[in-house]
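Trainee: I would like a close look at a single part of this structure, the paired strands and what surrounds them. Please take me through that part slowly, one piece after another.

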Amino acid sequence: MSPSEPVPPKPGDLLAAMPFAAGLGIELQEATAERTVGSLAWSPEVCTAGGALHGGALMALADSVGAVCAYLNLPEGASGTSTVESKTNFLRAVTSGHVRATARPLHLGGTLLVVQTDLHDDRDRLVGQTTQTQIVLRKNTD
């Protein structure tokens, strides 16, 4: 990286901007424009009946990691993003260990960003997949 290039944000700094995600116990391991990786550990506090990780917790993990990926891909002049649509397919229950979320951009437009986040368990099995659309927010110039 040359001295003129901006320093990329650290995963911990990005997570600090999302108190809900931090409160759930979501952690970010990697955060680049090409790939963002985060995780959530199984715990009884985020489970539903039968000890399965709650779908809402999985969606929050995918949405949070996907939002960081979208943020890191903002076009020049944008002030942030907001999720406008999110679709999740759940493929298997998670009853122990942790879930790893890996987000990658699918579409990077000036108005909308689309990110896909794959959720894998400790055995590297796909447990869910989320596709989310984020709107690009602009600073009000009025």
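Mentor: Strands β4 and β5 are joined by a hairpin that runs through 3 residues. The model is a predicted one, and every value below is computed from it. β4 and β5 are antiparallel and pair over 8 bridges. One pair to find on the display is arginine 104 and its bridge partner in β5, glutamine 116.

β4 also pairs with β2. These strands run antiparallel as well, with 6 bridges between β2 and β4. Here you can look for glycine 38, whose bridge partner in β4 is alanine 101. So far, then, β4 has pairings with β5 and with β2.

Go on from β2 to β1. Strand β1 covers residues 27-31 and strand β2 covers residues 36-41; the two run antiparallel and are joined by 4 bridges. Within this pairing, glutamate 30 stands opposite valine 37 in β2. The connection from β1 to β2 is again a hairpin, this one through 4 residues.

The loop between β1 and β2 holds glutamate 34. Glutamate 34 has a relative accessible area of 58%, which is over 50%, so it counts as exposed. Along the chain, glutamate 34 is 71 residues from proline 105, yet 6.8 Å separates their C-alpha atoms.

Now take the charged side chains. The count of salt bridges comes to 3. One of them belongs to the β1 and β2 region: the side chains of glutamate 30 and arginine 35 meet with an N to O distance of 3.0 Å. Glutamate 30 is partly exposed because its relative accessibility, 26%, falls between the cut-offs of 20% and 50%. Arginine 35, at 31% relative accessibility, is also partly exposed.

Another salt bridge is formed by aspartate 124 and arginine 100, with the closest N and O atoms 2.7 Å apart. This pair links distant parts of the chain: arginine 100 is in strand β4 (residues 98-108), aspartate 124 is in the loop between β5 (112-120) and β6 (126-138), and 24 residues lie from one to the other in sequence. Arginine 100 has a relative accessible area of 26% and is partly exposed.

Aspartate 124 deserves a second look for its backbone. Its phi is near 65 degrees, a positive value in a residue other than glycine. Most residues other than glycine have a negative phi.

There is also a salt bridge between the side chains of arginine 125 and aspartate 121, at 2.7 Å from N to O. Its two members differ in exposure. Arginine 125 has a relative accessible area of 28%, so it is partly exposed. Aspartate 121 counts as buried because its relative accessibility is 6%, under the 20% cut-off.

Finally, turn to helix α3, which covers residues 55-71 and includes glycine 55. The helix has 17 residues and spans 24 Å from its first C-alpha to its last, close to the 24 Å expected at 1.5 Å a residue. Of these 17 residues, 12 are buried, so α3 is largely enclosed by the rest of the structure. Among the buried ones are Leu58, Leu61, Val65 and Val68. Glycine 55 is partly exposed, with a relative accessible area of 23%. From glycine 55 to leucine 137 the C-alpha distance is 28 Å, and the two are 82 residues apart in sequence.

Cysteine 69 is on the list of buried residues of α3, and its relative accessible area is 0%. Cysteine 47 is buried too, with a relative accessible area of 19%, just inside the 20% cut-off. The structure holds 0 disulfides.

The helix also helps to line the second largest pocket, which has a volume of about 170 Å³. Its lining includes Asp63, Ala67, Val68, Tyr71, Thr81, Ser82 and Gln134. The elements that give two or more residues to this lining are α3 and β3 (78-90). The largest share, 4 residues, comes from α3.

Definitions and conventions
Residues numbered from 1 in each chain as written. Predicted model: local features only at pLDDT ≥ 70, side-chain atom pairs only at ≥ 80, totals over all residues. Heavy atoms only, no water. Buried < 20%, exposed > 50% of the residue type's maximum accessible area, 1.4 Å probe, protein only. Pairing = 2+ DSSP bridges. Expected span 1.5 Å × (residues − 1). Disulfide = S-S within 2.5 Å. Salt bridge = Lys/Arg side-chain N within 4 Å of Asp/Glu carboxyl O. 1 Å grid on protein atoms, 1.4 Å probe; cavity = no way out; pocket = protein on both sides within 12 Å on 5 of 7 lines; lining within 4 Å. Points joined across faces, edges and corners; volume = space filled by probe spheres on them.
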